Amino acid sequence: MAVESKMRTLGAPAPEFALPEVRTGDTVSTSDFDGRPLAVLFLCNHCPYVKRIQPGLVALGNDYAATDVAIVGIASNDADAYPEDSPEELARVADELGYTFPLVFDADQSVARAFQAVCTPDIYVFDRDHRLVYRGQFDDARPRNDEPVTGRDLRAAIDAVLAGLAVPEDQQPAIGCGIKWKPGNEPA
């Protein structure tokens, strides 16, 4: 069943995180990106909504690698119940696809809760001061439509931040699979 993102309040500060990168084991933290715009993408391996946009995620990482924006993927699904979303499988798929951005694992799901993330993909863009300027969809592509995977909505937000412009507040919520919470860990 598809779940729509919660559309956090614009201007909210970026939640702090320090999580292991699934390919290197190195800790990646919010403070690593101080003074830089930050795009945070809640991802997983098994969700058809994420699978549909994976080529666009690869292109996004490649296209913005030489810019000032930092991109971080966060995986928060219960890996015991969904082994395809384990750190090892996340690393394998990230390497196979060629993600150029770090993909970190939120084992206790506290970071997903802090972001108020509810689905995969769930997408956030923060400005240089790490204030929320965008929360919404990647683009209009869905598993059962023929819309091209372009990343149009996310790219427009990133481009506005990089240009020092305001991001329009009329934003479409992300839609995807619900985050797979550990038993007893579901948000209220």
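**Entry 1: Glu96 and Arg92**

I looked up the pair Glu96 and Arg92 in this predicted model, and I found their side chains joined by a salt bridge with an N to O distance of 3.0 Å. I then asked how the two are placed along the chain, and noted that Glu96 and Arg92 sit four residues apart in helix H2 (residues 87–97), so about one helical turn separates them. For the background I wrote down that an α-helix has 3.6 residues a turn, so residues three or four places apart point the same way. On accessibility, I recorded Glu96 as exposed, because its relative accessibility of 59% is over 50%, while Arg92 has a relative accessible area of 41% and counts as partly exposed.

**Entry 2: the rest of H2 and what follows**

Which residues of H2 are buried? I listed Leu90, Ala91, Val93 and Ala94, and I noted that the cover over the buried residues of H2 includes H1, S5 and strand S6 (103–105). Moving just past the end of H2, I came to Gly98, which takes a positive phi of about 90°.

**Entry 3: Phe101**

I went on to Phe101, which lies in the loop between H2 and S6. Is Phe101 buried or exposed? With a relative accessibility of 4%, Phe101 counts as buried, because the cut-off for that term is under 20%. Leaving aside residues up to four places away in sequence, I found that Phe101 touches Glu21, Arg23, Leu41, Leu43, Leu57, Gly61, Ile71, Val72 and Gly73. I checked Ile71 from this list separately: Phe101 and Ile71 are 30 residues apart in sequence, yet their C-alpha atoms are 5.8 Å apart in space.

**Entry 4: Glu21 and Arg23**

Since Glu21 and Arg23 are both among the residues that Phe101 touches, I looked at the two together and found their side chains in a salt bridge, at 3.1 Å from N to O. Glu21 is buried at 6% relative accessibility, whereas Arg23, with a relative accessible area of 26%, is partly exposed.

**Entry 5: Asp68 and Arg36**

I counted eight salt bridges in the structure, and next took up the one between Asp68 and Arg36, whose closest N and O atoms are 3.6 Å apart. This pair links distant parts of the chain, 32 residues apart: I placed Asp68 in the loop between helix H1 (48–64) and strand S5 (70–75), and Arg36 in the loop between strand S3 (27–29) and strand S4 (38–42). Asp68 is partly exposed at 31% relative accessibility, and Arg36 is likewise partly exposed, with a relative accessible area of 26%.

**Entry 6: H1 against H4**

Last, I looked at how H1 packs with helix H4 (residues 152–162), and recorded an angle of about 15° with the axes 12 Å apart. Because angles under 35 degrees count as roughly parallel, I entered H1 and H4 as roughly parallel to each other, and I noted that their crossing is right-handed. Which residues meet between H1 and H4? From H1 I listed Ala59, Leu60, Asp63 and Tyr64, and from H4 I listed Leu154, Arg155, Ile158, Asp159 and Leu162. I sorted the residues of this contact by type and obtained six nonpolar, no polar and three charged.

Technical notes
Residues are numbered from 1 along each chain as its sequence is written. This is a predicted model: local features need pLDDT of at least 70, side-chain atom pairs count only at pLDDT 80 or more; totals for chains, interfaces and linings use all residues. Side-chain values use heavy atoms; hydrogens and water are left out. A salt bridge is a side-chain nitrogen of Lys or Arg within 4 Å of a carboxyl oxygen of Asp or Glu. Buried means under 20% relative accessible area, exposed over 50%, partly exposed in between (1.4 Å probe, protein chains only). Contact means heavy atoms within 4.5 Å. Axes are lines fitted to C-alpha atoms, for helices over the stretch in contact, and angles run from 0 to 180 degrees between N-to-C directions. Angles under 35 degrees count as roughly parallel, over 145 as roughly antiparallel, 65 to 115 as roughly perpendicular and the rest as oblique. A crossing is left-handed if the near helix is turned anticlockwise from the far one by less than a right angle, and right-handed if clockwise. Ala, Val, Leu, Ile, Met, Phe, Trp, Tyr, Cys and Pro count as nonpolar, Asp, Glu, Lys and Arg as charged, and the others, Gly among them, as polar.
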